[in-house]
Amino acid sequence: MASEKMKLEVWKGDWGLPSVDPHCLAVLAYCKYSGVPIEIVKTGNPWKSPTGNFPVLRHKGEAYCKVTDIFSYLRKEHWGSDFELTTKQSADVVAFSALLEEKLLPALLHLWWMDDKTFVDVTRPWYARAIPFPLSLFLPGRTQRKAELRVNLTKGGDYISETETETKIYKEAKECLNLLSHKLGEKQYMFGRLPSSLDALVFGYLAPLLKAPLPNNQLYNHLIQCDNLCRVVNDVLVTFFPADLREMEEKQKKEQQKAKTNSSDNSEFPNRRRNMILAGLFALSAMAAYAWSSGLIQIQITDLDSASSHNKSANSRRGQVTVGGGDGPS
Amino acid sequence: MHPVTYIGRKLLPREKRYAIIEREFLAIVWAVGKLSCYLLGDAFYIETDSKPLTPLPERTTIGQRQEMALVADALQATVGASEPWPDDVLLYQQYKAEQITLPDCTQCLAVEAFLRMCGLRFNVKCKTNAEEMSPSGKVPFIQAGPYLVSEFEPVVGFVARKGFSLSRDMSDTDRSEMRAYMSMLENILGNAELYMAWFNPEISNEVTKPRYGCSYPWPLNWVLAWKKQRAMIALLTANDWASKTVEEVTEEVHTCCLALSEKLDKKKYFFGDSPTELDALVYGHLYTLLTTKLPGGPFTSVIREFQNLAEFCKRVDSAYFSD
């Protein structure tokens, strides 16, 4: 057995998922299925990753970056539940993994990186927040270019237009979801009661589709109609990643509370009324001051008693406030 | 832009019972059918102000574009199904002996095997510029009446719309397994063939590039072959295949063949006694890999390890290619 503990670096999670990246999710699920003793580092800093991306598995000074490499390494270290499968089922694992890569991955890449609205609203802000400063300026762009290249070269080409490519890859992805749903049937996992590496891959691809709040997610509408696939994803999340669900619930609670306090702030009428009264008073006094300074209002104060006592015979004047037009006091 | 023609007709009594949305589809399908002589062979737009088309299933998020795809599917289905399989179907490909490259050869053979398994009439026509003639830029393609259809999966779809299918009676589970294995062939063997033919320096310089350029005069034969090689290397890079070594590629091919061998087991064909699309595709790939002589002989020894796969190739060959 390994003397040194394995270390797995993955993208950070969000929206109740342990990670946002399909490949990281697949590796995480595989490790959880078989209880691999592994140190999981959730990070947003791919500075030290050899490919500039995650997942990365480090063990005994070696780094493994591709999902297939990580799976085969873990298998070599005798971790995983694929040993229980018959040779026929192992063949199915290879075939369906290829199906996912060929039919579903292009649609996911398109959804996250090439759909303008999603890229601007969700993907780029998320990665810009997760990745530290100098890297955040060019890493999302690089990943986007890579995704575009892959989708356009494998599915598009000079002979078909962009919209046709888009229609084609989403059609293929929906077909792929149907095929997976047929394959799963009513079973708990693809090959009965034990999860295999194929289940890990499927979970990785489907969980972000189901949980991430993407604005243009047309695959979501299709996926929720495949009940058994949704059930498996939710079961895996509840069984193997309860911490992330709790985290999300707490976050939601906090946000709700925040929203509540915000709304109670808004409904605090006394303060508002006081402010209104103060403002009204200020406006009134300002108008009065203007009127007085321009001579619209004159205030004359004469001491009635002393005036009357000084000269009663003089044309008697009272302390008076005269309000008049522009032509001054009458 | 200005109008060229106005067309219209009364609804038949039964069509009056259609819902509005169905009438709108009817209008589009009818109009395109009527004007097909002007529209065939060209891309065109259909403008519609139909708000009621929006609540159709699966199109709630994307709107117009998908709508058009749906209409296009409906059109292809209705127009395509109305005509039987024509007598003069031609399968275009490059010259087998001198010109065709390894990846193209597998695809041509797979399509040919598929059409033969369906029992459809067709003639193979070799053209040096078949690649440029193809609507998708890839060989092979078939010409059936006014339609040009290229590559394996579109041909399968086209043939299915004419009422011929090898997988109609399969269960859903079997069909999804079949699709998965077909994906595996394209994904692993297809990429491995591209890798060997264009990325491996020995084979690409000695075999693939001279063959690809053989029909052009100097210096075009070098320029075009070089351009093609660059495009193929870009494709392999985008697929993460360019970073693999020859040993890793051979290992992938071994995994793929092992899976196929397990799936085939001792059966006659992959799903019982009658062939399916998968059988055509497997035959196309394996037969080509087994019979093509390339320096270094890649994969031949790998495939020969699996007795039942080699026997399978012989079986299909004698059953469908005996003439």
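Q: Over residues 276-293 of chain A, what percentage of the chain is helix?
A: This is a predicted model, in which local features need pLDDT of at least 70, side-chain atom pairs count only at pLDDT 80 or more, and totals for chains, interfaces and linings use all residues. Residues are numbered from 1 along each chain as its sequence is written, while chains are lettered from A and ligands numbered from 1 in the order in which they are written. Helices (H or I, at least four residues) and strands (E, at least two) are DSSP runs, numbered from the N terminus. Over residues 276-293 of chain A the end C-alpha atoms are 25 Å apart, strand makes up 0%, and helix makes up 100%.

Q: In what order do the 4 strands of the open sheet in chain A lie?
A: Two strands pair if DSSP finds at least two bridges between them. The pairing in this sheet of chain A is mixed. Its edge strands, each pairing on one side only, are β2 (38-43) and β4 (62-64) of chain A. The strand order in chain A is β2-β1-β3-β4.

Q: Which residue is the bridge partner of A:K7 in β2(A)?
A: Strand β1 (residues 6-11) of chain A runs parallel to β2(A), and 6 bridges join them. In β2(A), A:K7 has as its bridge partner A:E39.

Q: What percentage of the residues of chain B count as buried?
A: A residue is buried if 20 or more other C-beta atoms, placed from the backbone, lie within 10 Å of its own. Chain B contains 14 helices and 4 strands. Of its 323 residues, the buried share is 33%.

Key:
A residue is buried if 20 or more other C-beta atoms lie within 10 Å of its own, exposed if 12 or fewer, and partly exposed in between; C-beta atoms are placed from the backbone.
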